[in-house]
Amino acid sequence: MGDKGIRDARSLGVPKMLLLGVQHMFAMFGATVLVPALTGLSISATLLFAGLGTLLFHFLVKGKVPAFLGSSFAFIYGYNMIAPNKEANLLPYACLGVACAGLLYVILSALFKYFGARKVMRFFPPIVTGPIIICIGMTLANSAVNNCAANWWIALVAILVVIACNIWGKGMIKIVPILLGALSSYAVAALCGLVDFSQVAQAPWIGLPFQWKDTVFSLIGNGDGTLAAKAIIAITPIALATIVEHIGDICAISSTVGENYIANPGLHRTLLGDGLATTLAALFGAPANTTYGENTGVLALTKVYDPKVIRIAAVLAVIVSFSPKFSALVSAMPTATIGGVSLILYGMISAVGVRNVVENQVDFTKTRNVIIAALIMSLALGVNFSSAGAIIFSFFGLFDVHLSGLAVAALVGILLNAVLPGNDYEFGKNQLGDTSVNFKV
């Protein structure tokens with residue numbers, strides 16, 4: 001496929017290049033703005049740092065990889081844990097945790113550079129990452145149902161459109177089911193008089209994408225150190241799942257384009273770009289970034305593989321981020337619409353975890369694998385839904401460390417996988433398994 005694609009979009013002319021850029025922005029838009037809609041983060045800041053993060057990524061990978069970086073769904077778990085009701089004063093703490101998760105990418109990037117992917121990935125096999133991903137989706141499902149309860153009929157419109165687009169859609173329709181589901185449900189709610197557009201009318205056309213009080217920097221000098229530590233410890237382990245997603249996405253892009261991006265520019269560069277983009281976004285109050293499967297779908301659809309068209313989409317996202325009225329229009333989206341889309345999304349996150357285990361052919365006749373999966377899922381869900389919601393370790397009465405269920409499960413899973421005999425996972429041996437983690441609907 002790759003040898004038949006267009007590698008230099010300049011041959012198409014400027015108008016077609018711009019049109020392709022718009023198409024890529026359209027593909028990422030629905031999923032990217034859904035994350036701030038679900039978490040309470042700034043929609044404008046999200047678009048700004050999706051664009052800037054993508055440009056930073058392209059700079060670090062020497063402009064070779066045609067990837068767009070949009071909002072990561074996996075980190076919704078972290079935001080909900082620290083700010084379950086979208087509390088504006090708590091979101092900067094969650095963003096601090098996400099910023100540290102981005103730095104974990106940087107550390108792993110160095111390990112990939114010096115030890116190679118196969119040696120590093122032996123510590124993060126599907127028997128560890130799969131159950132963790134399953135638990136991320138299961139812990140979020142409750143909030144999706146609560147949002148749907150605001151109006152089940154409006155939620156049902158979003159659910160049915162997303163399902164229809166995924167199963168029967170062709171071309172771009174199949175690539176942007178979330179956007180179409182949200183738009184359809186939003187339109188029905190508006191026609192029924194269930195949408196309040198007053199904030200849209202009051203919002204200015206042009207304004208700054210973020211406010212200082214929403215950034216991590218606002219915590220300097222007046223932040224709660226205990227809450228900051230809790231957020232960092234609770235959210236950083238989520239990166240274990242998103243790093244596997246990143247690797248799968250780069251494998252998928254390589255397969256689509258016909259270029260081995262694992263080797264050149266190398267996973268160490270792509271991980272570095274994704275990690276620094278995530279840290280940058282989080283510091284300024286935007287969601288974590290991740291490589292987007294939707295845009296890989298556009299590459300396969302158009303057969304134009306020139307990274308320049310992705311960079312055009314990134315610049316367009318930056319431009320749109322300076323319109324508060326546009327952000328207000330997205331913020332007016334009914335709760336039930338968000339619930340309908342997220343009900344499928346969160347369920348599919350868990351399904352992706354199952355897929356990761358199945359397509360990597362994890363052998364559950366082995367007792368070690370059963371024990372690892374059992375403890376990860378029991379700890380992640382049991383601790384999360386316990387009365388305390390965390391395991392608290394006291395260090396000699398000096399300070400307490402709060403570990404979320406996911407953090408405890410990740411640590412136990414990694415440790416057991418390292419010490420128990422029989423770890424036969426080898427990264428790069430099964431292409432289907434390597435590309436099995438993708439959190440997009």
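1. Buried means under 20% relative accessible area. Arg368 has a relative accessibility of 9%, so Arg368 counts as buried. The model is a predicted one, and this value, like the others in this note, is computed from it.

2. Arg368 deserves a closer look. Its place is in helix H18, residues 367–384. Leaving aside neighbours within four places in sequence, Arg368 is in contact with Leu416, Asn417, Leu420, Pro421, Gly422 and Asn423. One of these partners can be placed by distance. Arg368 and Leu416 are 48 residues apart in sequence, and their C-alpha atoms are 8.4 Å apart in space.

3. Next, the internal space. How many cavities of 30 Å³ or more does the count give? The count comes to 2. The largest cavity holds about 80 Å³ of space. The second largest holds about 50 Å³.

4. Which residues lie nearest the centre of the largest cavity? They are Met121, Val244, Asn356, Tyr425 and Gly433, out of 14 lining residues. Three elements give two or more residues to this lining: helix H6 (126–148), helix H12 (239–257) and helix H20 (431–434). H12 gives the most, with 3 residues. By residue class, the lining of the largest cavity divides into 8 nonpolar, 5 polar and 1 charged.

5. Gly433 is worth checking by eye. This glycine sits in helix H20 and is among the residues nearest the centre of the largest cavity. Its relative accessible area is 4%, so Gly433 is buried. Beyond four places in sequence, Gly433 is in contact with Asn356, Glu359 and Asn360. Asn356 is also listed among the residues nearest the centre of that cavity. For a view across the chain, take Pro15: Gly433 and Pro15 are 418 residues apart along the chain, and their C-alpha atoms are separated by 39 Å.

6. Now the second largest cavity. It is lined by 11 residues, and the closest to its centre are Ala27, Ala31, Val176, Ile178 and Leu179. Helix H1 (14–39) and helix H9 (177–191) each supply at least two residues of the lining. H1 has the largest share, 4 residues. The lining divides into 9 nonpolar, 1 polar and 1 charged.

7. Leu20 also belongs to helix H1. Is Leu20 buried or exposed? Its relative accessibility is 11%, so Leu20 counts as buried. Not counting residues up to four places away in sequence, Leu20 touches Leu12, Thr302, Val304 and Val309. The contact with Val304 spans a long stretch of sequence: the two residues are 284 apart along the chain, yet their C-alpha atoms are separated by 8.6 Å.

8. His246 lies in helix H12, the helix that gives the most residues to the lining of the largest cavity. With a relative accessible area of 0%, His246 is buried. What does His246 touch, not counting residues up to four places away in sequence? Its partners are Phe57, Leu267, Thr270, Leu271, Asp274 and Thr291.

9. On to the aromatic residues. The structure holds 7 aromatic pairs. In one of them, the rings of Phe49 and Phe284 have centres 5.2 Å apart and planes at 15 degrees, so the pair is stacked. Phe49 lies in helix H2 (residues 43–60), while Phe284 lies in the loop between helix H13 (262–283) and strand E2 (289–291), so the pair ties together parts that are 235 residues apart in sequence. Both Phe49 and Phe284 are buried.

10. The Phe49–Phe284 pair belongs to a wider group. Ring pairs link Phe49, Phe210, Trp212, Phe217 and Phe284 into a cluster.

11. One ring has a charged residue over it. Lys325 lies over the face of Trp205, at 5.1 Å from the ring centre.

Note on methods
Residues numbered from 1 in each chain as written. Predicted model: local features only at pLDDT ≥ 70, side-chain atom pairs only at ≥ 80, totals over all residues. Heavy atoms only, no water. 1 Å grid on protein atoms, 1.4 Å probe; cavity = no way out; pocket = protein on both sides within 12 Å on 5 of 7 lines; lining within 4 Å. Points joined across faces, edges and corners; volume = space filled by probe spheres on them. Nonpolar A, V, L, I, M, F, W, Y, C, P; charged D, E, K, R; others polar. Buried < 20%, exposed > 50% of the residue type's maximum accessible area, 1.4 Å probe, protein only. Contact = heavy atoms within 4.5 Å. Phe/Tyr/Trp six-rings, centres within 6.5 Å; stacked < 30°, edge-to-face > 60°. Lys NZ or Arg CZ within 6 Å of the ring centre and 35° of its normal.
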